[in-house]
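Biologist: I'm new to this one, so could you walk me through it, one question at a time?

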Amino acid sequence: MPVEVTWWGHATCTIEDSGVRVLTDPLFARRMAHLRRRSGELPPAEAAVAEAVLVSHLHSDHLHLRSLARLAPGTRLVLPRGAGRSVPGLKRVTSAAGLRVTEVAPGDEVRVDALRVRAVPALHDGRRLPLGPHRSPALGYVISGEARTYFAGDTGLFDSMAEEVGPVDVALLPVGGWGPYLGHGHLDPGRAAQALAALAPRAAVPVHYGTYWPIGMDGIRPHEFYAPGEEFVRKAARLAPQVAVHLLEQGGRVRPEAAR
């Protein structure tokens with residue numbers, strides 16, 4: 001399984017397959033609105049280098065305009081359909097940065113050099129809050145090259161998840177969030193373990209936890225910040241014992257097959 005995954009924190013990952021680098025939901029800020037990065041160093045400049053960038057939905061901790069501005073000219077930026085009309089400033093940033101923008105809906109495929117990227121559904125509110133109507137879907141992506149890697153974005157558990165995603169080798173699953181309470185449309189460690197059992201990949205990496213936390217709330221339910229990764233490992237061992245789960249620190253990387 002010649003794929004390498006680097007977790008930079010939150011939902012920001014680099015997936016390298018067949019010599020092609022794909023970056024997910026880039027967030028390179030120490031502070032964003034009411035959130036502060038509390039764990040892990042900021043990603044280095046190399047994290048912004050990729051042939052393609054996949055954005056799962058329009059929430060500002062996943063579609064972060066100042067982080068997109070750091071991408072190299074010519075980078076392919078894949079966004080949910082309708083993003084351009086829903087996010088003020090997006091067209092200005094992508095034009096100034098020289099990005100090649102493609103908007104997709106579930107079922108659409110994009111070719112990125114040797115890779116195929118397929119958009120799949122996610123159960124999540126895709127709006128650019130607090131603005132505008134619900135115009136853009138929340139997405140996950142399956143990146144296919146020498147391996148098939150599923151980046152779930154931000155999603156709840158839904159009945160057709162395994163059918164929509166299809167067979168995969170590696171699953172990057174959200175297991176928490178950025179605050180002490182998870183609303184509808186999110187996976188906690190238990191639901192993420194259920195998703196893992198349904199998807200049945202060969203390997204998994206928990207993401208979307210333990211990085212950002214609201215300013216002034218450090219002492220409120222701190223276990224929701226620190227614990228989701230290890231809790232997911234324990235629950236996955238019970239519900240999906242055949243899956244090798246790799247718990248990374250921010251900036252950590254793994255080649256899932258080599259680490260088995």
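Modeller: Sure, and keep in mind that this is a predicted model. A good place to start is helix α5, residues 189-199, which lies across β12, β13, β14 and β16.

Biologist: At about what angle does α5 run to β13?

Modeller: β13 covers residues 170-174 and is one of the strands that α5 lies across. Taking both in their N-to-C directions, the angle between α5 and β13 is about 160 degrees.

Biologist: Which strands stand at the edges of the sheet that holds β13?

Modeller: That sheet is open and has seven strands with mixed pairing, in the order β9-β10-β11-β12-β13-β14-β16. Two of them have a single partner strand each, so one side of each is left without a neighbour in the sheet. Those edge strands are β9 (109-112) and β16 (244-245).

Biologist: Staying in that sheet, which residue of β11 stands opposite Ala119?

Modeller: Strand β10 spans residues 115-121 and β11 spans 139-144. The two run antiparallel and are joined by six bridges. Opposite Ala119 stands Tyr141.

Biologist: What about the sheet with β8 in it: which strands are at its edges?

Modeller: This one is also described as an open sheet of seven strands with mixed pairing, ordered β8-β7-β6-β3-β2-β1-β17. An edge strand has a single partner, so one of its sides has no neighbour in the sheet. Here the edges are β8 (100-104) and β17 (252-254).

Biologist: How many degrees does the twist average from one strand to the next there?

Modeller: Go along the order from β8 to β17. From one strand to the next, the twist averages 20 degrees.

Biologist: And which residue in β8 is the bridge partner of Val78?

Modeller: β7 (residues 76-80) and β8 run parallel, with five bridges joining them. Val78's bridge partner in β8 is Thr102.

Biologist: Let's look at the second largest pocket: which helices each supply at least two residues of its lining?

Modeller: The pocket has a volume of about 240 Å³. Its lining includes Phe225, Tyr226, Gly229 and Glu230, and by class it has six nonpolar, four polar and two charged residues. The helices you're after are α6 (223-226) and α7 (228-239).

Biologist: Last one: what is the radius of gyration of the whole protein chain?

Modeller: The chain has seven helices and 17 strands. For 260 residues the globule rule gives 18 Å, and the model comes close to that, so the chain is as compact as a globular protein of that length. Its radius of gyration is 17 Å.

Methods
Residues numbered from 1 in each chain as written. Predicted model: local features only at pLDDT ≥ 70, side-chain atom pairs only at ≥ 80, totals over all residues. Heavy atoms only, no water. 1 Å grid on protein atoms, 1.4 Å probe; cavity = no way out; pocket = protein on both sides within 12 Å on 5 of 7 lines; lining within 4 Å. Points joined across faces, edges and corners; volume = space filled by probe spheres on them. Helix = DSSP H or I, 4+ residues; strand = E, 2+ residues; numbered from the N terminus. Nonpolar A, V, L, I, M, F, W, Y, C, P; charged D, E, K, R; others polar. Pairing = 2+ DSSP bridges. Contact = heavy atoms within 4.5 Å. Axes fitted to C-alpha atoms, helices over the stretch in contact; angles between N-to-C directions. Rg over C-alpha atoms; globule rule 2.2 N^0.38 Å.
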